[in-house]
Amino acid sequence: VKLSRLCEQDKILKDLEARISSLKNDKDKLERVLDMSHQQMEQYQEQPAHVHKIAYQQRLLQEDLVTIRAQISCVSTVYMSAWAWLCLSPFTDNGRLGGNCNISF
């Protein structure tokens, strides 16, 4: 029972790590696209129609970034809770994982 519970918790942590990694990659891509849109804004500053379209795209990108950052925060909180449970679990050696409960992702 102890081993299966620990394996289950390990799988949860790995799934959360993968989700955080994926969200961070998405965030990085959106930030790069947003940077490119700022360059386009400068390039087309003399063309109001283009500037308007680019500004609209920037607003959408910024909204997506806010959403992804919120998701990263939420999943990170769940991850830290799962990790804390594992570190303090009665299924581990007196609630310790060999004294190594540092969180990094």
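# Notebook: a two-helix predicted model

**Entry 1. Surface and overall content.** I looked up the accessible surface of the protein, which comes to about 7,500 Å², with 55% of it belonging to carbon and sulfur atoms. I note at the outset that the model is predicted. I then asked how many of the 105 residues are buried, and recorded that 24% count as such. For secondary structure I found two helices and zero strands. I also looked up how contacts are distributed along the sequence. Among contacts with a separation of 6 or more, residues 24 or more positions apart account for 66%.

**Entry 2. Helix α1.** I checked the length of helix α1, residues 2-43, against expectation. Its 42 residues should span 62 Å at 1.5 Å a residue, and the end C-alpha atoms are indeed 62 Å apart, so the two values agree. I next listed the buried residues of α1: Gln9, Leu13, Leu16, Ile20, Leu23, Lys27, Leu30, Leu34 and Ser37. What covers these buried residues? The cover includes α2, residues 48-88. For the spacing in such a list I keep a general point in mind: an α-helix has 3.6 residues a turn, so residues three or four places apart point the same way.

**Entry 3. The UniProt annotation.** I consulted the UniProt record, an unreviewed entry, which lists residues 13-47 as "coiled-coil region". In the model, this span is 89% helix and 0% strand, and its end C-alpha atoms lie 50 Å apart.

**Entry 4. Two polar residues among the buried ones.** I examined Gln9 in helix α1. Gln9 has a relative accessible area of 5% and is therefore buried, the limit being under 20%. Which residues does Gln9 touch, leaving aside neighbours within four places in sequence? I recorded Ala82, Trp85 and Leu86. I then turned to Ser37, also found in helix α1. With a relative accessible area of 4%, Ser37 is buried. Outside its neighbours within four places in sequence, Ser37 is in contact with Ile54, Gln58 and Leu61.

**Entry 5. Salt bridges.** I counted six salt bridges. As a general matter, side chains of opposite charge can pair when their charged atoms come close.

I looked first at Asp15 and Lys11, whose side chains meet in a salt bridge at 2.9 Å, N to O. The two residues are four apart in helix α1, so about one helical turn separates them. Asp15 is partly exposed at 44% relative accessibility.

I looked next at Lys27, which forms a salt bridge with Glu31; the closest N and O atoms are 3.4 Å apart. Both residues lie in helix α1, four residues apart, or about one turn of the helix. Is Lys27 buried or exposed? At 18% relative accessibility, Lys27 counts as buried, because the limit is under 20%. Glu31, at 25%, counts as partly exposed.

I then followed Glu31 to Arg69, where the side chains meet in a salt bridge at 2.7 Å, N to O. This pair links distant parts of the chain, with Arg69 in helix α2, Glu31 in helix α1, and their positions 38 residues apart. Arg69 is partly exposed, with a relative accessible area of 42%. Taking these together, I noted a network of salt bridges that links Lys27, Asp28, Glu31 and Arg69.

**Entry 6. Cysteines.** I searched the whole structure for disulfides and found zero. I recorded the accessibility of Cys7, which at 45% counts as partly exposed. Cys74, at 49%, also counts as partly exposed, since that class ends at 50%.

**Entry 7. Lys53 and Met41.** I finished with Lys53, which lies in helix α2. Is Lys53 buried or exposed? At 56% relative accessibility, Lys53 counts as exposed, because the limit for that class is over 50%. I also looked up its separation from Met41: Lys53 and Met41 are 12 residues apart in sequence, and their C-alpha atoms are 9.4 Å apart in space.

Note on methods
Residues are numbered from 1 along each chain as its sequence is written. This is a predicted model: local features need pLDDT of at least 70, side-chain atom pairs count only at pLDDT 80 or more; totals for chains, interfaces and linings use all residues. Side-chain values use heavy atoms; hydrogens and water are left out. A disulfide is a pair of cysteine sulfur atoms within 2.5 Å. Buried means under 20% relative accessible area, exposed over 50%, partly exposed in between (1.4 Å probe, protein chains only). UniProt positions are given in the numbering used here, feature names are shortened, and annotations may be inferred rather than shown by experiment. The expected span of a helix is 1.5 Å times one less than its number of residues. Contact means heavy atoms within 4.5 Å. A salt bridge is a side-chain nitrogen of Lys or Arg within 4 Å of a carboxyl oxygen of Asp or Glu. Accessible areas come from the Shrake-Rupley method with a 1.4 Å probe; for residues, only the protein chains shown count as cover.
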